[in-house]
Amino acid sequence: MMKIKFTWPMGIVLALASFMIFILSFVYKATFVPKYGHHLVSEQYYKDELNYQKEIDKLNSAANLKIDVFISHVDEGLIIKFPSEFDTKKIKGSIKFQRPSNYKLDFQIPIYLINNEFLIVKDKLVDGIWNVKIDWQVGDKKYLFKQNLRY
């Protein structure tokens with residue numbers, strides 16, 4: 001029976017080979033295994049980039065309002081309070097909730113107001129961080145409000 005003597009050059013080679021195997025397995029998992037989703041935030045990012053100036057204009061319009069949109073936590077979920085300076089029947093738009101950690105939880109709701117408050121029921125919200133984007137218009141004037149919140 002032959003004995004193999006373990007020497008320090010053999011240790012270096014084994015350590016390098018182990019490290020290379022670890023890195024290659026990580027690259028394989030990150031690239032090909034669907035469990036580690038590597039999706040884009042937006043599938044149409046070129047189109048979104050072209051519309052960015054319109055988004056800036058809407059953000060500026062919202063920043064010039066006397067009263068900002070206000071989001072607060074209540075027992076039933078989230079209340080989104082729109083400025084009282086608008087006729088609530090003329091407000092049209094949508095509210096988009098985007099979950100940075102899991103795009104499958106993203107959802108969008110059209111705005112229908114009876115008064116200046118809009119309730120998002122807690123059944124739709126999972127605990128964690130959400131990016132909220134409220135895009136609305138009154139007449140010809142368009143507004144955009146963005147906020148990151150923890151529910």
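Two strands count as paired if DSSP finds at least two bridges between them. With that in mind, welcome to this predicted model, in which 4 strands form an open antiparallel sheet in the order E4-E3-E6-E7. Helix H3 lies across two of these strands, E6 and E7, and salt bridges tie residues of H3 to both, including Glu55 to Lys133 in E6 and Glu55 to Lys146 in E7. The tour below starts with the sheet, moves on to the charged pairs, and then visits the other strands and a surface patch.

**The open sheet**

- The strand order is E4-E3-E6-E7, with antiparallel pairing.
- Strand E4 (107-110) and E7 are the edge strands; each has a single partner strand, so one side of each is left without a neighbour in the sheet.
- On average, neighbouring strands of this sheet are turned by 15 degrees against each other, with direction ignored.
- E6 and E7 run antiparallel and are joined by 10 bridges.
- One place to look along this pair is Val132, whose bridge partner in E7 is Gln147.

**Helix H3 across the sheet**

- H3 lies across E6 and E7 and runs at about 85 degrees to E7.
- Lys58 is a residue of helix H3, and its relative accessible area of 18% makes it buried, because the cut-off for buried is under 20%.
- Leaving aside residues up to four places away in sequence, Lys58 touches Asp135, Lys142, Tyr143 and Leu144.

**Salt bridges**

- How many salt bridges does a search of the whole structure find? The search finds 4.
- Glu55 and Lys133 form a salt bridge in which the closest N and O atoms are 3.3 Å apart. This pair links distant parts of the chain, with Glu55 in helix H3 (residues 52-63) and Lys133 in strand E6 (residues 129-138), 78 residues apart.
- Glu55 is buried, at a relative accessible area of 16%, while Lys133 counts as partly exposed at 30% relative accessibility.
- Glu55 also meets Lys146 in a salt bridge, at 2.4 Å from N to O. Here too distant parts of the chain are linked: Lys146 belongs to strand E7 (residues 141-150) and Glu55 to helix H3, 91 residues apart.
- Lys146 counts as partly exposed, with 41% relative accessibility.
- Glu55, Lys133 and Lys146 are thereby linked in a network of salt bridges.
- Lys58 forms a salt bridge with Asp135, where the closest N and O atoms are 3.0 Å apart. The partners, Lys58 in helix H3 and Asp135 in strand E6, are 77 residues apart and again link distant parts of the chain.
- Is each partner in this pair buried or partly exposed? Lys58 counts as buried at 18% relative accessibility, whereas Asp135 counts as partly exposed at 25%.

**Strands E1, E2 and E5**

- Strand E1 (residues 70-74) and E2 run antiparallel, joined by 5 bridges.
- A hairpin connects E1 to E2 through 2 residues.
- Within this pair, Phe70 stands opposite Lys81 in E2.
- Strand E2 (residues 77-81) also pairs with E5 in the antiparallel sense, over 5 bridges.
- Gly77 stands opposite Val121 in E5.
- Which side chains of strand E5 (residues 117-121) are buried, and which are not? The side chains alternate along the strand: Phe118 and Ile120 point to one face and are buried, while Glu117, Leu119 and Val121 point to the other face and are not.

**A nonpolar patch on the surface**

- Phe19, Met20, Phe22, Ile23, Phe26 and Val27 make a nonpolar surface patch of about 630 Å².
- Phe22, one of these patch residues, lies in helix H1 (residues 8-32).
- Phe22 is exposed because its relative accessible area is 52%, and exposed means over 50%.

Notes
Residues numbered from 1 in each chain as written. Predicted model: local features only at pLDDT ≥ 70, side-chain atom pairs only at ≥ 80, totals over all residues. Heavy atoms only, no water. Patch = residues over 30% accessible without salt bridge, like charges linked within 9 Å, V, L, I, M, F, W, Y side chains within 5 Å. Areas by Shrake-Rupley, 256 points an atom, 1.4 Å probe, with all protein chains shown as cover. Salt bridge = Lys/Arg side-chain N within 4 Å of Asp/Glu carboxyl O. Buried < 20%, exposed > 50% of the residue type's maximum accessible area, 1.4 Å probe, protein only. Axes fitted to C-alpha atoms, helices over the stretch in contact; angles between N-to-C directions. Contact = heavy atoms within 4.5 Å.
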